[in-house]
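This report describes a protein structure for a reader who is new to the subject. Please keep the sequence and the structure in view while reading.

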Amino acid sequence: MLNNVLGIINVIENEQTLGELTEQRSLAAVPMGGRYRVIDFPLSNMVNAGIKSIGIFTHYKMGSLVSHLKNGREWNLDTKRRGLFFLSPDFSKYLFSPNKWDVSHFTTRLGYIKTSTRNYVLITGCNIICNIDYQKVGKFHQEKGAQITAVYKEILPEEKEKYSPYLSFRISEESRIREVNSTPPPSGKDNMCVEMFFLSRQLLLELIDTCVKQNKWDLVRDGLLGNLRDIKVYGYHFPGYLAKINSLSNYYRHHMDLLQPKVWRELFFAAGPIYTKAKDSVPTKYLADASVQNSLVANDCIIGGKVENSIIFRGVKIGKGAHIKNSIILEKGIIDNYSRVDYALLDKEVRVTKGKEVSGTDDAPVVIRKQNII
Amino acid sequence: MKKEWIALVMAGGQGTRLGFLTQTLAKPAVSFGGKYRIIDFTLSNCSHSGIDTVGVLTQYQPLVLNSYIGNGWHWDLHHSGGGVTVLPPYVKMQGGEWYRGTANAVYQNLEFVDIYNPDYVLILSGDHVYKMDYSLMLDFHKMKKASATVAVIQVPWAEADSFGIMECDPEGKIREFEEKPLKPKSNLASMGVYLFNRTFLEEYLERDNQDSSSQHDFGKNVIPAMVRARESIYAYPFHGYWKDVGTIENYWQANMDLLGPEPLLNLNDPEWPIYSENPNQPPLYLGPSAKVTNSLINEGCVIYGEVDHSVLFPAVTVGAGAVIKNSILMPQVQVEPGTRIENAIVDENGIIYVRKEGERIKGYA
């Protein structure tokens, strides 16, 4: 178990990319997979590996994130020692950089990293959805005698576009990272950096210090991956299912991926469960005229209509004669009798009134803002 | 710390009539309604009624129940200066003994009551399914200036002989209390919910303890003794759903009462949610050939077959071509493709109880 590791989850993500979904919440708090939020995945992965001390670098619009995590009880992080820590930025002291890996985000939270008694640090971003066993990453790190281990994912040529922008690795046969590029190679497979870094806490502090002294600003490009010749940086390949939530179309596609039982099983069970806030929700009720196929349904719903190829979040009510296809209905949506929803993404508490129709296309699912009434 | 009232929940019963469901756990710990354990109803009622100190008296197979109750967090009952305390029988200076009936169980825990110095003590059963605001009963009790109040519900006359039946005057004062009368004089049945003035209760428990002919049971001995002595005992009429799930038939029926658009027992009540442990399971997956109607199904299930008029607990799998009707499937049950299950209760060990006469169905687990 990685109980000698300090986990850092940096939730300073670019929120323009998810449009309507991040108007009122941070990317970390975007609802996912029927009953989760984005943060549940990176956080549960750390907890499942035995990490007991986790700091969250927070950002703007933190209300829904803080209310979701609270004291970390569902992740067993409500402990007397260590546990969950929110590290908010001090907007009065520095100009807030939108670059998630800006060194200033680390220098302003240096006290937390310095006073930790853990020997190692695992730093991740927050927009990668996967179920990864970090114990394997830790083991790989020791076996290779690495100073830094960076997790990457081998991606197919046709996947490059949907994952962009990302850092591309050129990796030696011994798994050592030799080169880092911001632009992917024009042809062939590629190794995508998934922004998960494992290193000693001491080295992290040194790299932050070096960046500051040399007036360099990107902790990943200039710090962690800035000196591949002298620092032994190894790449750990994650072979499992992975989604990057950096656009509405990726968000939609990822949810459709969940309708494959293989992906569902891997994402929710592989290295451990994904924890989320408990809601005391009632098991979902299916009425006499319900017809649900190839769909995921969370608890607390009442389903009286037809649902196909869709993800139904908690507390959704679907009336008799309503027909939902290829759609994602977030929490507490109300779909009245005889209405139709096709290729749509309905944010929380949207109501589609009787007989109305909401439809988009496969390429461009229509997005309905939180609490709108159609 | 002084409290106005505290609750004691009787959770020691074996529940022999529930058969295999209570082989390894106490009746209040039996799973119910696709998610809950039976005691969730009583503890949620306490929590919503503003009771912050609850003793749970356990005896039979308490392991699952004890660990489930924990510090009471599931029901928002994890208070400092109160909360939930599990009260098993214990050894005293003069030796120890098992609880010999509900009244004796409370008698043996009067020290627990004294810690909180309450004005009123509410005695509850941990094996009934209902939603009830006990604070309204307390208001009634105070208004009547009663020494004790017994919650009652109207039951069908035909079933009255299986309950404790009360006969009252027009004011609601109880004139007669008969446990399972052959010829019931009324259809007002005791719900096993008793509210006592504390000193009054202590006095009668002391007397009951001295009485060697007593079975030390509230319904059989203590309440009848109070009524006989013409004490000020009132019946508090409760209107709503209430079920003693002490038999397999009642248990099955209570589960089925949750189904339909207007169920007899509504769990989707934002004003009175039933708190429970929340199993951490992903949303359920319904496959391309799934057909699910008239049912209550929890998260974590994977369904390719047909489910009608049934209750499924978390992480149940139903293979393609399997048909489930009028049944209750406990957590983790795996139904192989093509299996047919009707009118049955199936648990994770593959034990099946079939409700009606008929062939015993093979279980897969």
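Which backbone nitrogen does a side-chain oxygen of B:Asp217 reach at the start of H7(B)? The atom is the backbone nitrogen of B:Gly219, which the oxygen approaches to within 3.0 Å.

The model is predicted, and therefore local features need pLDDT of at least 70 and side-chain atom pairs count only at pLDDT 80 or more, while totals for chains, interfaces and linings use all residues. Residues are numbered from 1 along each chain as its sequence is written, chains are lettered from A and ligands numbered from 1 in the order in which they are written, and side-chain values use heavy atoms, with hydrogens and water left out.

## Two helices of chain B

Helices (H or I, at least four residues) and strands (E, at least two) are DSSP runs, numbered from the N terminus. A residue is called buried under 20% relative accessible area, exposed over 50%, and partly exposed in between (1.4 Å probe, protein chains only).

Helix H7 of chain B spans residues 218–228, and 8 of its 11 residues are buried. Among them are B:Phe218, B:Val222, B:Ile223 and B:Met226. After H7(B) comes B:Arg230, with a positive phi near 55°.

Helix H1 of chain B, residues 39–48, is also mostly covered, with 9 of its 10 residues buried. The buried residues of H1(B) include B:Ile39, B:Phe41, B:Leu43 and B:Cys46. B:Gly50 follows H1(B) and has a positive phi, near 85°. As background, an α-helix has 3.6 residues a turn, so residues three or four places apart point the same way.

## A strand with three partners

Strand S13 of chain B (residues 188–197) is largely enclosed by the rest of the structure, because 8 of its 10 residues are buried. Two strands pair if DSSP finds at least two bridges between them. The table lists strands of chain B that pair with S13(B).

| Strand of chain B | Sense and bridges to S13(B) | A bridge pair |
|---|---|---|
| S8 (residues 120–125) | antiparallel, 4 bridges | B:Tyr120 opposite B:Asn197 |
| S10 (residues 148–154) | antiparallel, 6 bridges | B:Thr149 with B:Leu195 |
| S11 (residues 164–168) | antiparallel, 2 bridges | B:Met166 with B:Leu188 |

## A buried asparagine in chain A

A:Asn131 is found in the loop between strand S7 (128–130) and helix H5 (134–144) of chain A. This residue counts as buried because its relative accessibility is 4%. A polar contact is a pair of N or O atoms within 3.5 Å; within protein, one must be able to donate a hydrogen and the other to accept it, and residues adjacent in sequence count only if both atoms are side-chain atoms. The side chain of A:Asn131 reaches the backbone oxygen of A:Leu267 at 3.0 Å, and the backbone oxygen of A:Gly272 at 3.0 Å. Contact means heavy atoms within 4.5 Å. Leaving aside residues up to four places away in sequence, A:Asn131 touches several residues, including A:Asn45, A:Phe238 and A:Ile274.

## Cysteines

How many disulfides does the structure hold over all chains? There are 0, a disulfide being a pair of cysteine sulfur atoms within 2.5 Å. A:Cys193 is in no disulfide, and its nearest cysteine sulfur, that of A:Cys130, lies 13 Å away. A:Cys193 counts as buried because its relative accessibility is 5%. A:Cys301 is likewise in no disulfide; the nearest cysteine sulfur belongs to B:Cys301 and is 14 Å away. A:Cys301 is buried, with a relative accessible area of 0%.

## Where the chains meet

The contact takes 39 residues from chain B and 39 residues from chain A. Buried area is the accessible area (1.4 Å probe) that two parts lose on being put together, summed over both. For chain B and chain A this comes to about 3200 Å², 53% of it on carbon and sulfur atoms. In chain B, the residues that lose the most area to chain A are B:Asn280, B:Pro283 and B:Tyr285, together 20% of what that side buries.

A salt bridge is a side-chain nitrogen of Lys or Arg within 4 Å of a carboxyl oxygen of Asp or Glu. The count between chain B and chain A is 1 salt bridge. The side chains of A:Arg35 and B:Glu299 meet in a salt bridge at 3.0 Å, N to O. Across the interface, 22 residue pairs are in polar contact, both residues at pLDDT 80 or more.

An open sheet of 9 strands with mixed pairing has the order S28(A)-S25(A)-S22(A)-S19(A)-S16(A)-S16(B)-S19(B)-S22(B)-S25(B). Strand S28 (366–368) of chain A and strand S25 (334–335) of chain B stand at the edges, each with a single partner strand, so one side of each is left without a neighbour in the sheet.
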